[in-house]
Amino acid sequence: MAIITLQVSLWMELLYPAMTILLITTHLKDARSLTHLVLNLIGATVGCAAAIALAALFIQQPWFYLSVMFVMVTALVYFMVSSRYRGSYFCCAYLFIVACFMIIFDKEHAEQQTLMVFRSGAIGVIISGLAHVFLWPRSPATLLREQLAHLLSRPIESLSGLATSTNERRDAPAPAAEVNPFRISECIETLERAETDAQFQRGDRPSVMALIGAVNGLANAVDSAARALAGSRVDPERTLRTIEAASRTIRALRDALNDPGRAGAFAMAVRDAVAELHAREIDPRVQPLADAVRAAGEARAALDGLVILDSRPDTASVLIGNLRGCLAGVCRERFVPLNDRLFAHAAKCALAVMICLLFCVTLNWSHGIGCVETIMLVVQATLGGTVVIGLLRLFGVVVAVFVAVGVVIFIMPTITTLPGLLLVFGPLLLLVGYGMGASERATTPVVQVMIVVDFALLQVPRPSIDLFPVMNFSLAVALGVVVSFIVYHFIWRVRAAAVIPSVIAAMESEVERARELAAREPLTPSRFWQALARTDAQHAQLVRLHEDARIDSPGTPLEESARLDAISAAHASASSALIGLMPRVSRVASGDG
């Protein structure tokens with residue numbers, strides 16, 4: 001709302017880049033701090049400066065101009081998909097492409113066109129950043145604690161059911177669905193954003209990764225115990241005490257995550273549980289659960305680290321230090337040796353952008369920027385992912401056309417003032433903001449609906465009843481989806497099914513590294529939990545690839561089931577191998593204590 005008010009009040013000629021940047025940086029969760037605000041603003045400035053420099057040097061040689069633009073788009077997209085500073089690189093690449101597109105159609109006013117793009121983009125970056133920082137702010141450390149506490153809710157319910165069935169001398173209940181692998185990926189992504197959003201010290205990452213691994217390890221150990229005991233009568237003496245000790249430990253950890261002041265109570269709960277487990281014989285079926293409880297004490301240091309992170313506010317007093325660390329981190333990021341798969345993805349994205357650009361130039365379609373914009377938002381590393389996202393965006397376009405046409409025909413004729421325009425956008429933005437909190441499959445069409453409505457209704461800085469922008473942008477989005485599908489289908493086609501073996505190999509390498517470390521020296525709990533967390537994150541990646549493979553490599557139900565079984569077997573094998581190292585880790589942990 002602030003973006004619309006400011007741009008309309010300033011009577012700006014170009015409005016939609018600001019709203020697009022707001023939506024995408026919010027979707028990427030890269031606008032939650034002053035540090036990210038400044039980094040995104042630097043990215044926007046660099047992108048527009050590169051566009052004007054390219055025009056000044058090569059605009060008189062169109063084919064050379066387009067060739068250099070192709071190289072620059074390839075580089076920017078590669079940096080964007082390879083770096084954790086995705087929002088900053090997106091602002092740079094998006095505004096660079098929009099400015100270049102507009103310069104091609106108005107060479108005589110290249111500076112003015114670029115300045116319009118920069119002003120709109122800068123407003124989007126600043127308003128979105130300030131809104132996230134000052135309106136109901138949530139630090140990454142707080143968000144990470146909430147995610148981990150939520151991950152422990154299901155294990156507590158499972159242990160409660162096991163304890164109840166044991167006390168009542170009934171067979172143990174069948175376990176519920178497996179632990180959601182995407183939860184761990186979300187936690188690791190939150191940790192990566194915390195390294196930018198807060199004054200995150202290099203030494204904090206191992207302990208926080210250990211906490212993520214410990215929480216995930218406890219959840220998996222409970223799931224493993226529930227499956228081992230399902231349908232069988234449980235021995236109260238050998239099993240119930242282990243279940244109760246694990247339940248107290250996990251509850252104490254959840255309480256400590258919700259309230260950092262209770263970290264001491266968690267340490268005491270672990271100590272009491274370890275003492276009780278040492279004094280009793282343990283059922284082999286719940287031995288991994290007992291080992292996980294013994295090793296969970298490593299999470300105490302990470303809990304203290306989260307408290308420290310919360311005490312490092314991302315305000316002006318630390319902003320310079322944050323930027324110094326982040327800018328140094330950008331320079332230190334390892335883009336070489338090139339990741340072949342991601343580089344091919346970047347080159348295909350740039351090629352699709354250039355095809356759409358040439359198509360628009362050939363038809364003198366100066367309002368076809370929507371197809372170029374769509375390429376940036378649709379393309380994925382695999383063909384299946386591109387098709388899925390493309391179809392979701394097409395669905396979003398269909399919905400948006402009905403919404404935008406209805407607004408233009410029935411509402412816009414009655415609006416003559418800025419407050420009226422804000423009343424139109426207010427409910428739409430509220431619904432979009434709510435929808436963006438859902439899964440990625442739901443977020444994609446929701447964001448696309450708002451982008452189309454934004455482009456249709458904000459072509460001029462006043463209420464308009466023109467239907468041309470609606471139809472124009474809808475056709476442009478459809479063209480972008482079709483071009484991206486053609487490029488990703490016929491050029492360097494990467495099927496998700498072909499990527500799965502390499503990810504499984506990486507998972508196996510992670511296990512081998514852990515074994516080698518354990519063979520050379522005592523494997524510390526921190527290293528163990530980090531290896532387990534990375535393995536589960538790779539499992540989440542495999543599940544995503546399987547979903548994409550169902551689109552780009554469709555097979556019979558039996559073949560798809562076999563592929564999913566192979567993924568599950570690889571993850572189970574890796575987890576079992578790591579859990580097999582847990583007794584040694586537990587002895588080291590107890591010895592350290």
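Me: In this predicted model, at what angle do helix 2 and helix 5 pack?

Reply: Look for residues 16-27, which form helix 2, and residues 86-105, which form helix 5. Their axes lie 11 Å apart. The angle at which they pack is about 155 degrees.

Me: Are helix 2 and helix 5 roughly parallel or roughly antiparallel?

Reply: Start from their packing angle of about 155 degrees. Angles over 145 degrees count as roughly antiparallel. Helix 2 and helix 5 are therefore roughly antiparallel.

Me: Which residues of helix 5 make the contact with helix 2?

Reply: On the helix 2 side, you'll find Tyr-16, Pro-17, Thr-20, Ile-21, Ile-24 and Thr-25. Across from them, helix 5 brings in Phe-90, Cys-91, Tyr-94, Leu-95 and Val-98.

Me: And is the crossing of helix 2 and helix 5 left-handed or right-handed?

Reply: This one is about how one helix is turned relative to the other. For helix 2 and helix 5, the crossing is right-handed.

Me: What span should helix 21 have, at 1.5 Å a residue?

Reply: Helix 21 covers residues 468-490, so we're dealing with 23 residues. The expected span is 1.5 Å times one less than that number. The end C-alpha atoms of helix 21 are 33 Å apart, which agrees with the expected 33 Å.

Me: Which residue with a positive phi follows helix 21?

Reply: Go just past the helix and check the backbone there. The phi is near 50 degrees, and the residue is Trp-492.

Me: Which residues of helix 22 are buried?

Reply: Helix 22 runs over residues 496-520 and reaches 37 Å from its first C-alpha to its last, close to the 36 Å expected. An α-helix has 3.6 residues a turn, so residues three or four places apart point the same way. Keep that in mind as you read the list. The buried ones are Ala-496, Val-499, Ile-500, Val-503, Ile-504, Met-507, Glu-510, Val-511, Ala-514 and Ala-518.

Me: Is Thr-249 buried or exposed?

Reply: Thr-249 sits in helix 11. Leaving out residues up to four places away in sequence, it touches Phe-266, Ala-269, Val-270, Ala-273 and Val-293. Its relative accessibility is 0%, and buried means under 20%. So Thr-249 counts as buried.

Me: How many Å separate the C-alpha atoms of Ala-540 and Glu-186?

Reply: Ala-540 belongs to helix 23, and at 0% relative accessibility it counts as buried. Along the chain, Ala-540 and Glu-186 are 354 residues apart. Even so, their C-alpha atoms are separated by 9.9 Å.

Me: What share of the protein's residues is buried?

Reply: The protein's secondary structure comes to 25 helices and zero strands. Of its 593 residues, the buried share is 55%.

Key:
Residues numbered from 1 in each chain as written. Predicted model: local features only at pLDDT ≥ 70, side-chain atom pairs only at ≥ 80, totals over all residues. Heavy atoms only, no water. Helix = DSSP H or I, 4+ residues; strand = E, 2+ residues; numbered from the N terminus. Buried < 20%, exposed > 50% of the residue type's maximum accessible area, 1.4 Å probe, protein only. Axes fitted to C-alpha atoms, helices over the stretch in contact; angles between N-to-C directions. Parallel < 35°, antiparallel > 145°, perpendicular 65-115°, else oblique. Left-handed = near helix turned anticlockwise from the far one by under 90°. Contact = heavy atoms within 4.5 Å.
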